[in-house]
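User: Please take a close look at one helix of this model and at what surrounds it in the chain. I should also like to know how far the rest of the model can be read alongside it.

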Amino acid sequence: MPPAGIGVVRVSGQHAGDVITALTARPLPPPRRAALRRLVDPGNGRLLDEALLLWFPGPATATGEDLAEFHVHGGRAVIAAVLDCLAAQPGLRAAEAGEFTRRALLNGRIDLIEAEALGDLLGAETEAQRRHALLMHEGMLSRAVDAWQATLLALSARLEAVLDFSGEDDVGEGVDISRDLVGLRGELERWLSRPRAERLRDGIRVVLAGPPNAGKSSLFNALLGRDAAIVSEIAGTTRDMIEAPMQIGGHAFVLIDVAGLRDDSADAIELIGIDRARRAVATADVVLWLGEPAQAPAGALRLGAQSDVRSHGDDIDLALSAHSGDGLDALAAQLVARAEQLTPRPDEAALNTRQAALIAEASDAIADALSAGDPLLQAESLRVARGAFDSLTGRAGAEAMFDALFGAFCIGK
Amino acid sequence: MDFDVIIVGGGHAGSEAAAAAARMGAHVALLSMDRNQIGTMSCNPAIGGLGKGHLVREVDACDGLMARAADAAAIHHRMLNKSKGAAVQGPRVQADRLRYRDAVQATLAAEPNLQIVEGMASRLIVRAGAVEGVELEDGRRLTGRAVVLATGTFLGARLHFGLDSIEGGRIEERAATAMAAQLRELDLPMARLKTGTPPRLDGRTIDWAQLERQASDEDGWTFSAMTAGRRLPQLACFITRTNTTTHDIIRDGLDRSPLFSGAIEGSGPRYCPSIEDKVLRFGDRDGHQIFLEPEGLDDHLIYPNGISTSLPLDTQRAMLRSMAGLRSVEIVRPGYAVEYDHIDPRALDPDLRLRAMGGIYCAGQLNGTTGYEEAAAQGLVAGANAAAFALGKSPVLWDRATSYIGVMIDDLTLQGVTEPYRMLTARAEYRLRLRADNSGTRLTGWALSNGLISNDRRMFHVEHEAQREALRTIWQESDMSSKDLRTAGADLKDDSGVRRSGWDWLRFPEVEPSHIATLVGNIPLVANDVIAELGQDARYAPYVERQEQELARLRADSELRLDRIMDYRSVGGLSNEMIERLNKAMPADLGRASQVRGVTPAALTAIMLHARRAA
């Protein structure tokens with residue numbers, strides 16, 4: 001832990017208020033207002049620091065519990081002394097990694113989606129990652145799921161009214177909810193058709209491919225700005241895959257250098273490398289092809305390497321030179337353009353694989369409901385869909401459906 | 001007098017509890033204030049309905065008495081939801097009030113292990129935290145190892161007629177106030193609920209010709225699998241409607257309604273609102289249906305279903321007379337509201353045993369439910385378990401995956417009640433498996449292994465199972481094309497000759513068991529209800545299989561026992577609200593913990609980790 005201007009120490013739980021009074025020997029300051037206080041170790045009466053402190057009474061706090069924050073001077077010794085003193089207070093212990101978030105989740109202050117997003121926010125390295133994590137943490141997907149769940153609950157209530165209160169008072173014999181289901185399913189499918197969040201978090205996979213000795217490793221090093229791969233005149237120098245993370249224009253990429261592709265190698269190790277290279281090309285988001293343009297894999301960006309010493313035909317997309325740096329800016333611009341297609345738009349929340357699988361489950365269940373004529377089977381399919389949404393965020397249970405049902409219908413003989 | 005089990009109360013819960021305990025082999029006393037009132041239907045003269053009909057069939061599958069008593073008294077049959085899937089069809093009968101009561105009393109009288117004791121319970125005899133019996137008002141003492149409290153609305157009950165209110169459980173009967181005080185002293189969690197009943201009408205003053213008629217179902221279904229056929233002549237029900245004049249009269253009387261004057265503090269059911277509630281909450285509706293139901297063959301009393309009220313008598317008369325057919329109707333008994341104490345059922349274990357004191361079991365309206373059927377089902381559970389306890393056997397536990405009874409017991413003991421609890425099919429996640437027509441297949445074999453089944457029922461069940469298996473084999477081994485089925489009369493499209501077994505074809509809505517029978521021929525003698533039941537099994541098979549998988553997944557996670565958690569404050573990170581609810585419900589395993597209201601998946605993870613650590 002490097003020294004810093006200030007250090008913030010947070011205490012969460014039922015003893016948070018006691019700790020403030022114990023260390024300041026004064027009553028609690030007004031809630032949510034900064035107060036300047038002398039912190040004294042109650043064990044030995046020694047002054048620890050002069051600090052700003054904040055008192056947040058639960059449950060409307062970040063963790064849902066009583067919360068105290070000490071803003072102390074940021075020297076290592078100061079923070080260590082404060083932490084030692086706090087650890088000696090009755091009922092207090094050091095927080096485990098992620099424990100404040102876990103408590104917020106347990107106490108229902110945030111849902112699972114927001115907790116995931118908070119993890120992403122703390123881990124964000126690029127501007128695009130930060131913006132997206134913030135969107136999710138602020139509940140963009142949670143709000144959407146809540147709205148879908150509310151729609152489903154209302155539709156389920158209409159079905160259940162027909163099933164459980166048929167003929168009672170103003171409940172009719174049948175109900176047609178297909179139009180609402182088509183609308184809801186369309187919205188789920190729109191979310192599912194968007195790029196996944198993993199590309200944003202893990203980076204776009206860019207594979208440098210081509211025959212041996214085509215200058216892949218030189219370009220790899222030039223793009224990274226360091227000598228990460230061995231470059232030599234000997235064909236087949238690169239045998240295994242080399243991956244390196246890279247940022248361009250606020251986007252995360254993973255640049256991958258692979259063995260040159262050729263069919264006539266007798267070297268067993270090189271053959272394994274070539275096999276891996278083919279697989280990397282198949283799963284790449286972007287392939288940079290340095291070889292005969294006609295042999296480029298479909299969708300690859302065809303590069304003309306060594307443009308400082310060679311001229312290329314017009315069947316390439318871009319000419320460049322790792323040696324002189326010509327064309328590298330143009331390549332970077334192309335990569336950013338591809339990234340913008342492959343990652344969520346800045347204002348658009350994207351799903352991670354877990355979220356997408358659950359939304360797909362809900363969408364499939366709604367499709368089942370649409371094809372079932374029997375309201376009983378429709379209700380069963382909607383129950384499955386509600387379960388998928390519950391798994392996404394938290395749990396609603398049958399009681400929420402009854403609230404929707406009894407709010408909407410006058411029921412009872 | 002010494003017994004194994006003492007049942008306090010002779011309503012639907014108490015009668016069923018007494019019969020179940022006696023079937024289990026316990027020596028049983030049934031304590032009632034008036035032996036002639038045992039089995040009385042205090043509100044509507046009907047048994048069954050959606051969800052409720054399932055409960056009656058399940059009680060019957062465990063050899064209980066309600067279904068047979070209903071058959072003996074049925075004067076109008078209606079299968080609700082007949083046009084919908086079998087899983088939500090609900091059998092319902094109008095029952096002749098006197099014949100129903102007589103049938104219950106006759107069944108109880110025929111039970112050799114059971115003695116009816118007339119008297120008023122005044123207090124429980126308690127020693128060292130366990131019950132030892134019941135003391136009566138006249139000083140007599142009944143001793144026994146287990147006591148089932150099935151006291152209905154008689155605990156601390158108060159009746160409201162307009163702004164007048166009196167102590168009492170049912171009209172013209174007394175409330176069990178002394179025992180209510182004792183239960184309150186035991187510091188049991190108690191709360192108050194209200195319910196209501198409509199006025200009773202003199203049928204001779206109704207102009208029937210003006211009203212829409214609803215005839216009894218023609219097909220001969222009965223409630224109990226053991227009933228051979230219908231015995232009584234069938235009567236019709238009739239339908240009238242409230243109108244804007246009725247609603248105006250009700251609004252004018254609201255200032256004299258105890259519901260709105262603040263005199264009633266308990267909450268009433270949302271699904272059985274008083275007419276005052278309906279008019280107030282759904283003021284935009286221009287009318288509400290009222291079913292006029294006969295109370296008996298030799299009785300001119302009519303029960304107007306849908307107009308439960310506690311308005312003053314003059315308003316009741318005026319609003320009734322504003323409706324078609326009722327212009328000159330006479331009220332025989334006014335409608336009223338009842339407020340009563342109930343135990344928070346989260347204080348009970350899944351065998352309906354009170355956790356706070358050994359040997360006490362609770363059933364029926366006392367646990368915050370409404371309805372004869374819900375009461376009877378709990379009576380069965382409490383009676384069977386009180387007997388098991390008294391005789392040193394293991395508890396008899398109904399499972400929510402295989403019965404509505406299990407759903408209800410789970411809901412009550414884990415979630416508690418905020419309004420009188422009524423069974424609804426939507427409460428059962430595994431609704432497609434839990435049909436009214438397969439209750440015997442689901443439960444009788446299981447109940448037999450728990451000692452609840454008499455010999456007659458056992459023999460019936462063995463035959464039923466044998467027929468089911470024989471027919472299933474024939475269906476599964478048959479082989480036919482859509483063309484074959486079309487010749488047999490099924491309205492199927494031509495699908496290029498795919499061949500399937502009859503069992504697989506039955507999942508197509510166009511295919512009926514009769515089509516298969518035409519093609520297969522030579523089917524051994526199988527009862528019609530076995531054919532119908534197995535036909536529905538085949539129809540829903542794909543969905544039921546999916547639910548089985550879901551259930552298996554759920555079971556794997558949810559079987560983690562939580563017995564070692566004594567206080568949820570010891571589980572880190574739960575909110576105070578969750579701690580309070582979990583401490584009240586004390587779920588036995590993780591699956592049940594997940595049903596406690598407001599418990600989040602994250603909280604379940606914390607509970608799971610804690611339980612694993614403690615193990």
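Analyst: In H1(B), the buried residues are His12(B), Ala13(B), Gly14(B), Ser15(B), Glu16(B), Ala17(B), Ala18(B), Ala19(B), Ala20(B), Ala21(B), Ala22(B) and Arg23(B). Since 12 of the 12 residues of H1(B) are buried, the helix is largely enclosed by the rest of the structure. This is a predicted model, and the burial described here is computed from its coordinates.

The geometry of the helix can be checked against its length. At 1.5 Å a residue, the 12 residues of H1(B) should span 16 Å, and the end C-alpha atoms of H1(B) are indeed 16 Å apart, which agrees with that expectation. Just after H1(B), Gly25(B) takes a positive phi of about 100 degrees.

The other end of the helix adjoins an annotated stretch. UniProt, in an unreviewed entry, places the feature "binding site" at Gly9(B), Gly10(B), Gly11(B), His12(B), Ala13(B) and Gly14(B). Of these annotated residues, His12(B), Ala13(B) and Gly14(B) are among the buried residues of H1(B). Gly9(B) lies in the loop between strand S1 (2-8) and helix H1 (12-23) of chain B, and Gly11(B) is also placed in the loop between S1 and H1.

What surrounds these two loop glycines? Leaving out residues up to four places away in sequence, Gly9(B) touches Gly14(B), Ser32(B), Ala150(B), Thr151(B) and Gly152(B). On the same basis, Gly11(B) touches Ala150(B), Gly152(B), Gly364(B) and Ala375(B). Ala150(B) and Gly152(B) thus appear in both sets of contacts. Gly9(B) counts as buried because 31 other C-beta atoms lie within 10 Å, against a threshold of 20 or more. Gly11(B) is likewise buried, with 31 other C-beta atoms within 10 Å.

The chain that holds this helix has 21 helices and 22 strands. Its radius of gyration is 25 Å, close to the 25 Å that the globule rule gives for 615 residues, so chain B is as compact as a globular protein of that length. Along the principal axes, the C-alpha atoms of chain B fill a box of roughly 75 × 70 × 50 Å. Buried residues make up 54% of the 615 residues in chain B. Among contacts in chain B with a separation of 6 or more, 73% join residues 24 or more positions apart.

Further along chain B, the domain assignment gives domain 1 (455-548) and domain 2 (561-614). The C-alpha centres of domain 1 and domain 2 of chain B lie 45 Å apart. Met586(B) is found in the loop between helix H19 (576-585) and helix H20 (590-593) of chain B. The phi of Met586(B) is near 45 degrees, a positive value in a residue other than glycine. With 22 C-beta neighbours inside 10 Å, Met586(B) counts as buried.

Chain A carries an annotation under the name "binding site" too, again from an unreviewed UniProt entry, and it covers Ser217(A) and Thr238(A). Although spread over 22 residues of sequence, these positions cluster in space, with a largest C-alpha distance of 7.7 Å. Ser217(A) is found in helix H9 of chain A, whereas Thr238(A) lies in the loop between H9 and strand S6 (242-248). Ser217(A) is buried, with 23 other C-beta atoms within 10 Å, and Thr238(A) is buried, with 24. Beyond four places in sequence, the contacts of Ser217(A) include Ala229(A), Thr238(A) and Asp257(A). Those of Thr238(A) include Ser217(A), Ala229(A) and Asp257(A).

Two local backbone features of chain A may be set beside those of chain B. The peptide bond from Gly58(A) to Pro59(A) is cis, with omega near 0 degrees, and Pro59(A) sits in the loop between strand S3 (47-56) and strand S4 (67-73). Asn213(A) has a positive phi of about 60 degrees although it is not a glycine.

As to confidence, chain A averages a pLDDT of 83, and 92% of the residues score at least 70. In chain A, confidence is highest in strand S2 (residues 35-40), at 94, and lowest in helix H14 (residues 398-408), at a mean of 49. Over residues 408-413 of chain A, pLDDT stays under 50, and the model has 28 contacts beyond four places in sequence for that stretch. Where pLDDT is low, the predicted coordinates should not be read in detail.

Key. Residues numbered from 1 in each chain as written. Chains lettered and ligands numbered in written order. Predicted model: local features only at pLDDT ≥ 70, side-chain atom pairs only at ≥ 80, totals over all residues. UniProt positions renumbered as here; feature names shortened; annotations may be inferred. Helix = DSSP H or I, 4+ residues; strand = E, 2+ residues; numbered from the N terminus. Contact = placed C-beta atoms within 7 Å. Domains from an automatic or database assignment. pLDDT = per-residue confidence, 0-100. Rg over C-alpha atoms; globule rule 2.2 N^0.38 Å. Expected span 1.5 Å × (residues − 1).
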